Amino acid sequence: MKNLLKNDGICADGLDRSLCVAPMMDWTDRHCRYFHRLLAPQALLFTEMVTAEAILHAGVDRFCQHDVREHPLALQLGGSEPDRLAAAVRAVEPFGFDEINLNVGCPSPRVQSGRFGACLMAEPELVAGLVGAMRAQTERPVTVKCRIGIDDMDPETGLDRFVDAVADAGVHVIYLHARKAWLNGLSPKENREVPPLDYSRAERLARRRPDLDIILNGGLTNRDMTKAVLQPLGQIFAGVMLGRAAYRTPYQLGLFNQLLSQKKGPPDLQEVAWKMTDYAEKQIKTGVPLQAITRHMLGLCAGLKGARAFRRELGEQARMPGNDWTLIEKAVKGCLHMNKNLNEKKVA
Ligand SMILES: Cc1cc2nc3c(=O)[nH]c(=O)nc-3n(C[C@H](O)[C@H](O)[C@H](O)COP(=O)(O)O)c2cc1C
């Protein structure tokens, strides 16, 4: 897939963004990221969104601690005040994130009431000021994740104006969720499904601003479908970002990574299971409940025989007293036993 991407996915700042796993609240916590890293050694991973206020009030450790193996790792911030975002960027600097990203795509009412997230698309000059203030605090890339527009904004002029303003402020990487956000009347979940995807709008942006690295996000579910989207365009996008598909069907994430690293054969589930078992053992000894780790793994065998039993075993039994980390290895073994020809198997 790398050959379908601009500069093989290596962006102007040197980071490989050919495959990115999207920031997802409640989902991409540190346990999830550790798991995703095993399946996709090359992907750029993202934290959940953290507001600048949370960093400054609730304490930086709580949101920023991570395992060194999670890198390359981007921290996503939310906020709308330049001083507060600048202070948050300063506070997180010692954690060594590879990139700091500003959320301009979240439509939730809670986020809107704080006047950040997607509603900021209507205020390009403000966002330019925010990223300028953030950049002044760090040498690391500051990037933006946004939609193609909001509400009745004209997605042609509105998006161009927005992107030009943040690019003038020094942002060279845009993660573009290729649909509008409708700020009134739709829940956050509906806002990920109802406004139609418009890859051609993303294409026009990437063609108009070849000096920027645009990462395509939204509705990319598997490798073949993603190839079908990218192939006819030439190498205009610098990478793809997967959200729900990576979380719900992590095996697909592994298949994406195989394609990027030109490796043959499917991801090695046995090895993933061993490493997650080892990780869970260490985490549990520090007081983390087993379920906090296994809840991210329920989709691991999606598309394989025995996926439902695997899900049940890991989902239900992880909560039972007496079960420990060995549950992970046992459940994966059970599934692999039912899929002896995994190497020849085509996963949906
Ligand atoms: C549970 C969930 C939580 C999300 N939280 C965030 C978030 O914190 N920040 C953000 O920019 N996008 C968030 N998103 C949106 C995703 O990053 C992504 O843009 C969206 O799901 C579209 O990509 P997909 O079709 O590959 O899932 C979230 C999505 C989901 C499903």
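Two strands count as paired here if DSSP finds at least two bridges between them. Everything below comes from a predicted model.

**View 1. Strand β7 sits between β6 and β8.** β7 and strand β8 (residues 239-242) clear that bar with three bridges, in the parallel sense. Look for Asn-217, which stands opposite Met-241 in β8. To get from β7 to β8 the chain goes through helix α9 (residues 223-230), and this β-α-β crossover is right-handed. On the β6 side, five bridges join strand β6 (residues 173-177) to β7, again running parallel. Here Tyr-175 stands opposite Ile-215 in β7. The trip from β6 to β7 runs through helix α8 (residues 199-208), and that β-α-β crossover is right-handed.

**View 2. Strand β7 (residues 213-217) is mostly covered, with five of its five residues buried.** In a regular strand the side chains alternate between the two faces of the sheet. In β7, Asp-213, Ile-215 and Asn-217 point one way, Ile-214 and Leu-216 point the other way, and all are buried.

**View 3. Strand β3 (residues 73-78) is walled in.** Six of its six residues are buried, so the rest of the structure largely encloses β3. Both faces are covered: Leu-73, Leu-75 and Leu-77 lie on one side, with Ala-74, Gln-76 and Gly-78 on the other.

**View 4. The neighbours of β3 are β2 on one pairing and β4 on another.** β2 and β3 run parallel and are joined by five bridges; Val-50 is the residue opposite Leu-77 in β3. Four bridges then tie β3 to strand β4 (residues 99-104), also parallel, and Leu-75 faces Ile-100 in β4. Put helix α4 (residues 82-92) between β3 and β4 and you have a right-handed β-α-β unit.

**View 5. A cis peptide bond joins His-71 and Pro-72.** Its omega is about 0°. Pro-72 belongs to the loop between α3 (60-64) and β3. 

**View 6. Helix α7 (residues 157-168) has the length its residue count calls for.** At 1.5 Å a residue, its twelve residues should span 16 Å, and the end C-alpha atoms are 16 Å apart, which agrees. The buried residues of α7 are Leu-159, Phe-162, Val-163 and Val-166. They cover an arc of only 90° around the axis, which puts them on the same side of α7.

**View 7. Asn-7 and Asp-151 have positive phi without being glycines.** For Asn-7, phi is about 50°; this residue lies in the segment before β1 (19-21). Asn-7 is partly exposed, with 13 other C-beta atoms within 10 Å. Asp-151 has phi near 45° and sits in the loop between β5 (142-147) and α7. Asp-151 is also partly exposed, with 17 other C-beta atoms within 10 Å.

**View 8. The ligand has 23 residues around it.** Ala-22, Met-24, Met-49, Gly-243 and Arg-244 come nearest. The elements that give two or more residues to this shell are β2 (44-51) and α10 (244-248). By type, the shell divides into ten nonpolar, eight polar and five charged residues.

Technical notes. Residues numbered from 1 in each chain as written. Predicted model: local features only at pLDDT ≥ 70, side-chain atom pairs only at ≥ 80, totals over all residues. Near = placed C-beta within 6 Å. Nonpolar A, V, L, I, M, F, W, Y, C, P; charged D, E, K, R; others polar. Buried ≥ 20, exposed ≤ 12 C-beta atoms within 10 Å, placed from the backbone. Right-handed = clockwise from strand over helix to strand, strands pointing away. Expected span 1.5 Å × (residues − 1). Arc of directions from axis to C-beta.
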